[in-house]
Amino acid sequence: MNRYGYIKVAAAVPAVKVADCRFNAEHTIAMMRRAAARGVRAVVFPELGVTAYTCGDLFLQSKLLDAAREALDTIVEASRTIPVTAVVGAPLRYGNAIYNCAVAIACGEYLCAVPKSYIPNYAEFYEARWFASGIGIAESCIRLGGRDVPFGTDAAFSVDGVRFGMEICEDLWVPVPPSSHLAAGGAEVIFNLSASPEVIGKHKYLTSLVRQQSARATAAYVYVSSGFGESSTDLVFAGNGLVAENGTMLAEGERFSAGEQMVVADVDVEFLRSERLRRNTYADAGATALRITDATLPAAAEAPFDRRVNPMPFVPHEQGDRHSRCEEIFSIQSLGLAQRLAHTGCRCAVVGISGGLDSALALLVTLRAFDRLGLDRRGIIGVTMPGFGTTGRTYRNAVTLVEESGATLREISIAEACRQHFADIGLPDSDRSVTYENAQARERTQILMDVANMHGGIVIGTGDLSELALGWATYNGDHMSMYGVNCSVPKTLVRHMVEWAASVEKSDAMRRALEDVAATPVSPELLPADENGDIAQKTEDIVGPYELHDFFLYNFVRQGFSPSKILFLATHAFGERYDRATVVKWLRIFFRRFFSQQFKRSALPDGPKVGSVSLSPRGDWRMPSDASAAEWLRECDALQ
């Protein structure tokens, strides 16, 4: 692994000729060299790639079996000068049977060999005609390269301290794949050597299967299948190359290519290990006791980072998934609120409408919850509370959203009440301190609570996950509500949700208002507007870009990464949009605020969990309010 916990792996699809083992060995060696030049530490080749998969009854010919052994020896000899571990497929005699095997090779040595467990004998596959099942073979050895090499379903290998398990094609498709036991036994990367032919609709199922198994095993799963050159007498092989990690597809090759191809990805082993530790049920799974052979490769040279880093991990990035994902998020939020309304018997909900992103989403969620319960939308009281920093733009949007939605609009200015309060506590007229700002936020919350009491309703919280992470909320002001529908929706996702809501909105006026809300700079509007009447207080100028903070939040809370690793990923995710010094500056502010503001999260109102990151003190994030950020800040300082 490199210093950030990644190891580079590859799925290679070489050219093959059926039953021409010398040709196949030459192309395997050439691709091993290509893999090593890319910085790959372990590469997997297709099932029976030394002979080709479609040899049929030629597998029963001693000439082909002998040629396969000679080809393996040739590959092993060549590996002395190629700094990569290779897993190749070959037929091997063992006892009185032939086995379809995955053979691991490195540094001029055979590491181990794993026989295929599940041998298909149906439709287009007749492997049982030639091969025996490896089920039950363990703690055994096979003679390869003049020495006894571990042989069996318990054989595995390691590279750079990372443990690799192997299974073959059909093994993945059975109810309990061998890889499940291999992963429970400590394998962190699973290689699957396959020769699966193409039929309509199969590929979609296959990719789903690979993703699911990588998630179920909390592992990386590298799948490779035979390609161009296999016999097309009855079948076509498309040359699949897939790399998945804990349910996410990292890399995918081109299908139906007439040329050789290599699919390369950096697998995050540090994350996989952390994830296994988090899942306390993982250690309870039945495990295979693995015999692990270490591959001692030369130290890895610096190589390009072969992994896409999503700069907005909370936002749906696949266009086809956008509508379904947003609808699902919206449904979780609205159903949670509907349950609270039904439980309390409330037919009234009070929402403070500022004309900003968070209150717009909270209003939309409340509308959906009322519709679910068959309640009159007029029971939703949207309260706009103009203050010293309210601009015409946000005021107009707030009024439009409430009126166009069919909710009840109330306008209650906070200006006079705040001036009276400032006089009562002796705050000078010229003061623009945090007291000046927070008093306005608390006045608004008091109004909302009292209006809710008047109508027997509940106050719907608007604050989002990003604000909770940074503590960008006034304690017992906008921090407080009776149910916070946005509490696990980060700011980048809030904006995306509002944009999506605008795209599906039927009312032109409502759509235009939502679009303008999404385009409005984020601001609490607690300081007076500028000379042009525009927003003067922009949140991201003060605490930093929300896209950076959401990136930091995800990689710290969900992934458990250190500041240095988060910086490394941010440089790849954002490219030239932010220089190193800027990222480090806001990263330090993130950690300082995240730790110092835990006391606000410890008093968090109820609200629904939406995604994999939530900061509820009752479940997802339990941290003392006086925990020290010193270790994280010291590392941030070292990154300057």
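Helices, taken as H or I runs of at least four residues, and strands, taken as E runs of at least two, are DSSP runs numbered from the N terminus. The views below show a predicted model.

**Figure 1. Overall view of the predicted protein.** The protein contains 19 helices and 22 strands. Its C-alpha trace spans about 100 × 55 × 45 Å along the principal axes. Of the 640 residues, 57% are buried. Among contacts between residues at least 6 apart in sequence, 75% join residues at least 24 apart. The accessible surface amounts to about 26,200 Å², and carbon and sulfur atoms account for 49% of that area. The side chains include 64 positive and 75 negative ones, with the centres of the two sets 1 Å apart.

**Figure 2. Close-up of Q261 in strand 16.** Strand 16 covers residues 261–268, and Q261 lies within this strand. Q261 has a relative accessible area of 12% and therefore counts as buried, since the cut-off for burial is under 20%. Leaving aside residues up to four places away in sequence, Q261 touches A11, A12, V13, M31, G239, G253 and E254. A polar atom of the Q261 side chain lies 2.4 Å from the backbone oxygen of E254.

**Figure 3. Close-up of the largest nonpolar core.** This core comprises 129 residues, and F157, F164, F191 and F594 have the most contacts inside it. Helix 7 (residues 357–373) contributes the largest share of the core, namely 10 residues. A second, separate core has 51 residues, among them C21, I75, A90 and A195. In soluble globular proteins, nonpolar side chains tend to be buried together.

**Figure 4. Close-up of F164 and the residues it touches.** The contacts of F164, not counting residues up to four places away in sequence, are with I7, V9, A42, A156, F157, V159, A187, V189 and F191. Two of these partners, F157 and F191, are listed together with F164 among the residues with the most contacts inside the largest nonpolar core.

**Figure 5. Close-up of T293 in strand 17.** T293 is found in strand 17, which runs over residues 291–295. The relative accessibility of T293 is 19%, so T293 counts as buried, the cut-off being under 20%. Beyond residues up to four places away in sequence, T293 touches L111, C112, P150, A156, F157 and S158. The backbone oxygen of L111 is 3.2 Å from a polar atom of the T293 side chain. Both A156 and F157 touch T293, and both also touch F164.

**Figure 6. Close-up of K600 in helix 18.** Helix 18 consists of residues 598–602 and holds K600. K600 counts as buried because its relative accessibility is 11%, and burial requires a value under 20%. With residues up to four places away in sequence left out, K600 touches G471, A473, Y475 and H479. Two backbone oxygens lie at short listed distances from polar atoms of the K600 side chain: that of G471 at 2.8 Å and that of A473 at 2.6 Å. K600 and G134 are separated by 466 residues in sequence and by 58 Å between C-alpha atoms.

**Figure 7. Close-up of A184 in helix 3.** A184 belongs to helix 3, residues 178–184. With a relative accessible area of 21%, A184 is partly exposed, because partly exposed residues lie between the cut-offs of 20% and 50%. A184 and Y282 are 98 residues apart along the chain, and their C-alpha atoms are 7.2 Å apart.

**Figure 8. Close-up of two loop residues with positive phi, C107 and N476.** Most residues other than glycine have a negative phi. The phi of C107 is positive, near 55 degrees. C107 is found in the loop between strand 4 (97–106) and strand 5 (109–115), and its relative accessibility of 28% makes it partly exposed. The phi of N476 is likewise positive, near 60 degrees. N476 lies in the loop between helix 11 (465–470) and strand 22 (483–484). A relative accessible area of 45% places N476 in the partly exposed class.

Definitions and conventions:
Residues numbered from 1 in each chain as written. Predicted model: local features only at pLDDT ≥ 70, side-chain atom pairs only at ≥ 80, totals over all residues. Heavy atoms only, no water. Buried < 20%, exposed > 50% of the residue type's maximum accessible area, 1.4 Å probe, protein only. Contact = heavy atoms within 4.5 Å. Areas by Shrake-Rupley, 256 points an atom, 1.4 Å probe, with all protein chains shown as cover. Lys, Arg positive; Asp, Glu negative; His and termini not counted. Charge placed at Lys NZ, Arg CZ, Asp CG, Glu CD. Core = buried A, V, L, I, M, F, W, Y, C linked by side-chain atoms within 4.5 Å. Polar contact = N/O pair within 3.5 Å; in protein donor to acceptor, adjacent residues only side chain to side chain.
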